[in-house]
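Student: I have a structure open and would like to go through it with you, one feature at a time. Could you help me reason from the atoms to each answer?

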Amino acid sequence: RGVTVHVEGDANDYVGKGLSGGRLVLTPPAKSGFVPNMNIIIGNVALYGATSGELFARGQAGERFAVRNSGARAVVEGVGDHGCEYMTGGRVVVLGPTGRNFAAGMSGGIAYVMDGTHEFRTKRCNLKMVEILPVESEDDSAELRGLVERHYRYTNSDVAFWVLENWDEALDHFVKVFPTEYRLALERLDRERAAKTVAAHVAA
């Protein structure tokens, strides 16, 4: 915790494996001529088993991004197959395309995916354990915007800039990937808190 690593250039597999509190920022070289969000900047299995910390990558990631992530927060501009597989916690924002089988075995955490073509919700996401919802609540919108703002601050991403400048339009393109059991557990907690509040008022 408290350490920031900024890589100017690309990186191979296992970026941020076991990340436990630091911040990783990956951006293309300043003089590179390619379009960052159309190219891969980090390899496969990034953030494997991460427990906390942040990752901001101006470009796409390879396969199995954030597998078994249990608490890290990340923003990336595309991922390969099997993104967020077996994820149990944390937050992931994908500002671009995903491969197939996204969220397989995902039992916790939340992912926000920009799905302008609707291919993600119809072809790319594994729906056995998750639901795809619109980003409607103020809390979700604020959380998503905050992560995109941090991505822009650290990477100067053109995609993040467009999203922030056209927020209302961009928000319609995002979906929330929410594990079903996680949602039910949160709802049970809300009911229990409400019941305790009512009981406290009655007792008073």
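**A walk through the model**

Student: Glad to start with T155: in which helix is the place of this residue?
Tutor: Keep in mind that this is a predicted model. The helix in question spans residues 138-155, and T155 belongs to this run. The element is therefore helix α2.

Student: Is T155 buried or exposed?
Tutor: Buried means under 20% relative accessible area. The relative accessible area of T155 is 4%, so the residue counts as buried.

Student: Which backbone oxygen does the side chain of T155 reach?
Tutor: A polar contact here pairs N or O atoms within 3.5 Å. The side chain of T155 comes to 2.6 Å from its partner, the backbone oxygen of H151.

Student: And leaving aside neighbours within four places in sequence, with which residues is T155 in contact?
Tutor: Contact means heavy atoms within 4.5 Å. With those sequence neighbours set aside, the list for T155 is V25, L26, T27, F56 and R58.

Student: Let's turn to charges. With which residue does R150 form a salt bridge, and what parts does the pair tie together?
Tutor: Side chains of opposite charge can pair when their charged atoms come close. For R150 and E54, the closest N and O atoms are 2.8 Å apart. R150 lies in helix α2 and E54 in strand β4 (residues 52-57), so the pair ties together parts 96 residues apart in sequence. The partner of R150 is E54.

Student: Of R150 and E54, which is buried and which is partly exposed?
Tutor: The cut-off for buried is under 20% relative accessible area. R150 has 21%, so R150 is partly exposed. E54 has 12% relative accessibility, so the label for E54 is buried.

Student: Which residue is linked with E54 and R150 in a network of salt bridges?
Tutor: R150 and E54 already form one salt bridge. The network links these two with a further residue, R23.

Student: How far apart are the closest N and O atoms in the salt bridge of R73 with E143?
Tutor: A salt bridge here needs a side-chain nitrogen within 4 Å of a carboxyl oxygen. R73, in strand β6 (residues 70-76), and E143, in helix α2, are 70 residues apart in sequence, so the pair ties together separate parts. R73 itself counts as partly exposed, at 32% relative accessibility. The distance between the closest N and O atoms is 3.9 Å.

Student: How many residues apart are R183 and E131?
Tutor: The side chains of R183 and E131 meet in a salt bridge at 2.9 Å, N to O. R183 sits in helix α5 (residues 180-203) and E131 in strand β9 (residues 130-134), and the separation of these distant parts is 52 residues.

Student: Now the largest pocket: which element gives the largest share of its lining?
Tutor: The largest pocket has a volume of about 210 Å³. Its lining has four nonpolar, four polar and three charged residues. Two elements give two or more residues each, β8 (108-114) and α1 (119-124). The largest share, three residues, comes from α1.

Student: Finally, which residue in the loop between β6 and β7 has a positive phi although it is not a glycine?
Tutor: Most residues other than glycine have a negative phi. The residue you want has a phi of about 60° and a relative accessible area of 0%, so it is buried. In the loop between β6 and β7 (88-94), the residue is C84.

Technical notes
Residues are numbered from 1 along each chain as its sequence is written. This is a predicted model: local features need pLDDT of at least 70, side-chain atom pairs count only at pLDDT 80 or more; totals for chains, interfaces and linings use all residues. Side-chain values use heavy atoms; hydrogens and water are left out. Helices (H or I, at least four residues) and strands (E, at least two) are DSSP runs, numbered from the N terminus. Buried means under 20% relative accessible area, exposed over 50%, partly exposed in between (1.4 Å probe, protein chains only). A polar contact is a pair of N or O atoms within 3.5 Å; within protein, one must be able to donate a hydrogen and the other to accept it, and residues adjacent in sequence count only if both atoms are side-chain atoms. On a 1 Å grid over the protein atoms alone, a cavity is a set of points where a 1.4 Å probe fits but cannot get out, and a pocket is an open set with protein on both sides within 12 Å along at least five of seven lines; lining residues have an atom within 4 Å of a point. Grid points are joined across faces, edges and corners, and a volume is the space filled by probe spheres set on the points. Ala, Val, Leu, Ile, Met, Phe, Trp, Tyr, Cys and Pro count as nonpolar, Asp, Glu, Lys and Arg as charged, and the others, Gly among them, as polar.
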